[in-house]
Amino acid sequence: TAFSGAKLIRIDPKRNRITARIGVGSQPCGIVAGAGSLWLNGYGTNSVERVDPRTRKVRRIRVGPSPFDVAFDGKNVWTSIASNGTVERIDPATNRVTAKIKTGGSPAGLAFAAGSIWVGSNQGTAIFRIDPATGEVTPVEVGVATPAWLAAKGDVVWVASVSGGTAHRIDPATNTVTASVKVGSQPVDGAIAPDGTVWIPNRGSNTVSLIDGTTNRIRGTIKVGPRPFVVTEAFGHMWVPSWGGADIRRYRP
């Protein structure tokens, strides 16, 4: 997504070339695939936008103000509403909001792992775990301020503290922190590579920190483009767009 350009951009991974630009609402941010569609949280439009990748048709679903991120649990789409401390659930079959779940704080990054929706927060020192079936919310104490963004896959969950410059591993079995790692400045929305390495982009230092998923220690640091905000795993590679620039970089883990 192009946040400032209100575009969804398609890249051909075989040629590393842009093959389509689709107009969407202002300030699109997070993106997730699910139910045959692409889902974007329209931060500037107070909506979640559903894009058909085949026809490029865009459908706008009204949600709460300032939606911050999106996630898909295999059945439903979820979006965090930063302004009012809630997370909303959308049914792809009807394109309607079917639940508004109060978490408190300022919900930020979302991820689906270990059978739960995990919610980062720009306030306080806890994240939130939501049971998709019941809507039950469990606070998970991280112990550092602004644990906003998540890197999760399977039963592995990491959360980055934007203000603390740290990443923390959460054990889903106990809802406790089992490792804390110093990364770069302003760590944000990371991802887990096919080899289990945790990639954490550092918006304030223009780097990506690589954490060994076995030892929970820094394995290396990569210099990337200006103000990286997100890392995405796709086609066996890691993709790092420059939020402060106009490029996306592709790395082989």
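This is a chat about strands, aromatic pairs and one buried threonine in a predicted model.

User: Let's start at the N-terminal end. How do β1 and β2 pair, and over how many bridges?

Analyst: They run antiparallel, with 6 bridges between β1 (residues 7–12) and β2 (residues 17–23). Within that pairing, leucine 8 sits opposite isoleucine 22 of β2.

User: And what about the hairpin, which residue there takes a positive phi?

Analyst: That's asparagine 16, with a phi near 55°. The hairpin has 4 residues between the strands.

User: Switching to aromatics. How many aromatic pairs are there?

Analyst: The count is 5 aromatic pairs. One of them is tryptophan 149 with phenylalanine 229, an edge-to-face pair at 5.3 Å centre to centre and 85° between the planes.

User: Where do those two sit in the chain?

Analyst: Tryptophan 149 is in strand β15, while phenylalanine 229 is in the loop between β22 (218–223) and β23 (232–234). They are 80 residues apart, so the pair links distant parts of the chain.

User: Is tryptophan 149 buried or exposed? Same for phenylalanine 229: buried or exposed?

Analyst: Tryptophan 149 is buried, because its relative accessibility is 5% and the cut-off for buried is under 20%. Phenylalanine 229 is buried too, at 15%.

User: What can you tell me about tryptophan 199 and tyrosine 251?

Analyst: They make a tilted aromatic pair, 6.1 Å centre to centre with 50° between the planes. Tryptophan 199 belongs to strand β20 (residues 198–202) and tyrosine 251 to strand β25 (residues 248–251), so the pair ties together parts 52 residues apart in sequence. Both residues are buried.

User: Which residues form the aromatic cluster?

Analyst: Tyr43, Phe68, Trp149, Phe229 and Trp243 form one cluster.

User: Back to strands. What's the order in the open sheet with β15?

Analyst: It goes β15-β16-β17-β18, 4 strands with antiparallel pairing. The edge strands are β15 and β18 (176–182), each pairing on one side only. On average, neighbouring strands of this sheet are turned by 25° against each other, ignoring direction.

User: How many bridges join β17 to β18?

Analyst: There are 6, and β17 (residues 166–171) runs antiparallel to β18. Arginine 169 stands opposite alanine 179 of β18.

User: Last one: why does threonine 146 count as buried, and where is it?

Analyst: Threonine 146 is in the loop between β14 (137–141) and β15 (147–153). It counts as buried because its relative accessibility is 16%, and the cut-off is under 20%. Leaving out residues up to four places away in sequence, threonine 146 touches Ser121, Asn122, Gly124, Ala160, Ser161, Val162 and Ser163.

Conventions. Residues numbered from 1 in each chain as written. Predicted model: local features only at pLDDT ≥ 70, side-chain atom pairs only at ≥ 80, totals over all residues. Heavy atoms only, no water. Pairing = 2+ DSSP bridges. Buried < 20%, exposed > 50% of the residue type's maximum accessible area, 1.4 Å probe, protein only. Contact = heavy atoms within 4.5 Å. Phe/Tyr/Trp six-rings, centres within 6.5 Å; stacked < 30°, edge-to-face > 60°. Axes fitted to C-alpha atoms, helices over the stretch in contact; angles between N-to-C directions.
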